Amino acid sequence: MAFGSSRDVDAGVILLLGGRSEIGLEVARRLAPGRVVILAARRSDDLEKQRRELLTAEASAVQTVEFDADDLGGHQALLEKVVAEHGRIGVAVLAFGILGDQARAEQDPAHAVAIVHTDYVAQVNMLTLLANLLREQGDGQLVAFSSIAGIRVRRANYVYGSAKAGLDGFVNGLQDALHGSGIHLLLVRSGFVIGRMTAGMEPAPMSSTPDQVADGVIAGLYKRSRIVTVPKRLKLVFIAMRLVPQSLWRRAPR
Ligand SMILES: NC(=O)c1ccc[n+]([C@@H]2O[C@H](COP(=O)([O-])OP(=O)(O)OC[C@H]3O[C@@H](n4cnc5c(N)ncnc54)[C@H](OP(=O)(O)O)[C@@H]3O)[C@@H](O)[C@H]2O)c1
């Protein structure tokens, strides 16, 4: 598939880490035609619906593999298994994550740490291993999801926000480390996305859908962009957010 004047995504399998993620599955659906897609998720024997959707989207094959992001020690073995069984990785999408319960996390350090572990520590571990693997391959593309929550951390969701702020900074640094290596790492900064992760919450202004985020990701993959912001007009909001005095920012809603 061509995207404007840009190149196709890199050759190899599409690896979706967080194989039930709504955003991740929309990305995988768009990349699926003619490709092998690997869904890596907890309860990997319960991915039949997702497998069928991707086959309908004309994936050449869809495989599943057991993946618990919090089991850092299992990450390397998972990547080795994927490469041994299916060959080189073309695009790896790190779509796993939890929003967590902010009120609980403020009282319960174990819950606060669990959020940061999944949303930051596990991402750092997997991105580091994938960067090493793709360096050996000589090419390949990675997608990581930051959030408006991490651009300037708000009192109302500072635990999740701090994990996203850390991830955003880590990815920026890794992008520079990968500069000139032939490996593309895309950072996705989206606002509130209406979907399962935010179910029951009032949509924030400038919300988007998993479809819209996936369209942005695909455009960014084809253009080899460094950052995609969804929706694009949030870029101005991100600049403005930094200028708000702390006395007002403290009261910003989630
Ligand atoms: N939705 C938003 O408003 C929004 C906004 C900005 C950024 N983002 C980011 O975008 C990414 C994708 O989000 P989404 O909206 O697609 O969320 P989603 O539909 O809730 O999917 C997240 C997936 O992560 C998986 N996951 C959580 N912990 C895991 C673990 N320890 N091991 C393996 N998988 C785990 C969940 O798996 P199970 O099925 O096993 O529970 C779930 O399928 C996330 O990084 C999110 O933070 C989302």
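Contact here means heavy atoms within 4.5 Å. By that yardstick Phe 145 touches Ile 23, Val 93, Leu 94, Ala 95, Lys 164, Leu 167, Val 188, Val 213 and Val 217, leaving out residues up to four places away in sequence. This is a predicted model, where local features need pLDDT of at least 70 and side-chain atom pairs count only at pLDDT 80 or more, while totals for chains, interfaces and linings use all residues. Residues are numbered from 1 along each chain as its sequence is written, and side-chain values use heavy atoms, with hydrogens and water left out.

**Cores**

- A nonpolar core is a set of buried Ala, Val, Leu, Ile, Met, Phe, Trp, Tyr and Cys residues joined through side-chain atoms within 4.5 Å. Buried means under 20% relative accessible area, exposed means over 50%, and partly exposed is in between (1.4 Å probe, protein chains only).
- The largest nonpolar core holds 33 residues, and Leu 54, Val 143, Phe 145, Val 217 and Leu 221 have the most contacts inside it.
- Elements giving two or more residues to this core are β1, α1 (22-31), β2, β4, β5 (140-145), β6 (183-190), α7 (210-223) and β7 (227-230). Helices (H or I, at least four residues) and strands (E, at least two) are DSSP runs, numbered from the N terminus.
- The top contributor to this core is α7, with six residues.
- Another core, of 32 residues, lies apart from it, and Leu 15, Ile 89, Leu 129 and Leu 130 are among its members.

**Helix α7**

- α7 has 14 residues, which should span 20 Å at 1.5 Å a residue, and its end C-alpha atoms are indeed 20 Å apart. The expected span is 1.5 Å times one less than the number of residues.
- Most of α7 is covered, with 10 of its 14 residues buried. Val 213, Val 217 and Leu 221 are among them.
- The cover over those buried residues includes α1, β4, β5, β6 and β7.

**Helix α3 and His 75**

- α3 (residues 75-86) has 12 residues and reaches 16 Å from its first C-alpha to its last, close to the 16 Å expected at 1.5 Å a residue.
- His 75, Leu 78, Leu 79 and Val 82 are the buried residues of α3. Looking down the helix axis, these residues fall within an arc of 95°, so they line one face of α3. The arc is that of the directions from the helix axis to the C-beta atoms.
- That buried set packs against β1 (13-17), β2 (36-41), β3 (61-66), β4 (89-94) and α5 (109-137).
- His 75 has a relative accessible area of 0%. A polar atom of its side chain sits 2.9 Å from the backbone oxygen of Ala 69. That is a polar contact, meaning a pair of N or O atoms within 3.5 Å; within protein, one must be able to donate a hydrogen and the other to accept it, and residues adjacent in sequence count only if both atoms are side-chain atoms.
- Beyond its neighbours within four places in sequence, His 75 is in contact with Phe 67, Asp 68, Ala 69, Ala 122, Asn 125, Met 126 and Leu 129.

**Around the ligand**

- There are 27 residues around the ligand, and Ser 21, Ala 69, Tyr 160, Val 193 and Arg 196 come nearest. A residue is near a molecule or strand if one of its heavy atoms lies within 4 Å of it.
- A ligand oxygen is 2.8 Å from an N or O atom in the side chain of Arg 196.
- Polar backbone atoms take part too: a ligand oxygen is 3.0 Å from one in Ile 23, and a ligand oxygen is 3.5 Å from one in Phe 96.

**The loop between β5 and α6**

- Ser 147 is in this loop, which leads to α6 (158-178), and counts as buried at 8% relative accessibility.
- The Ser 147 side chain reaches the backbone nitrogen of Ala 149 at 2.9 Å. Further along the sequence, Ser 147 touches Tyr 160, Lys 164, Val 188 and Ser 190.
- Asn 157 is in this loop as well, buried with a relative accessible area of 4%.

**Backbone oddities**

- Most residues other than glycine have a negative phi, and most peptide bonds are trans.
- Met 206 is not a glycine, yet has a positive phi of about 60°. Met 206 is partly exposed at 29% relative accessibility.
- Arg 224, just after α7, has a positive phi of about 55°.
- The Val 230 to Pro 231 peptide bond is cis, with omega near -10°.
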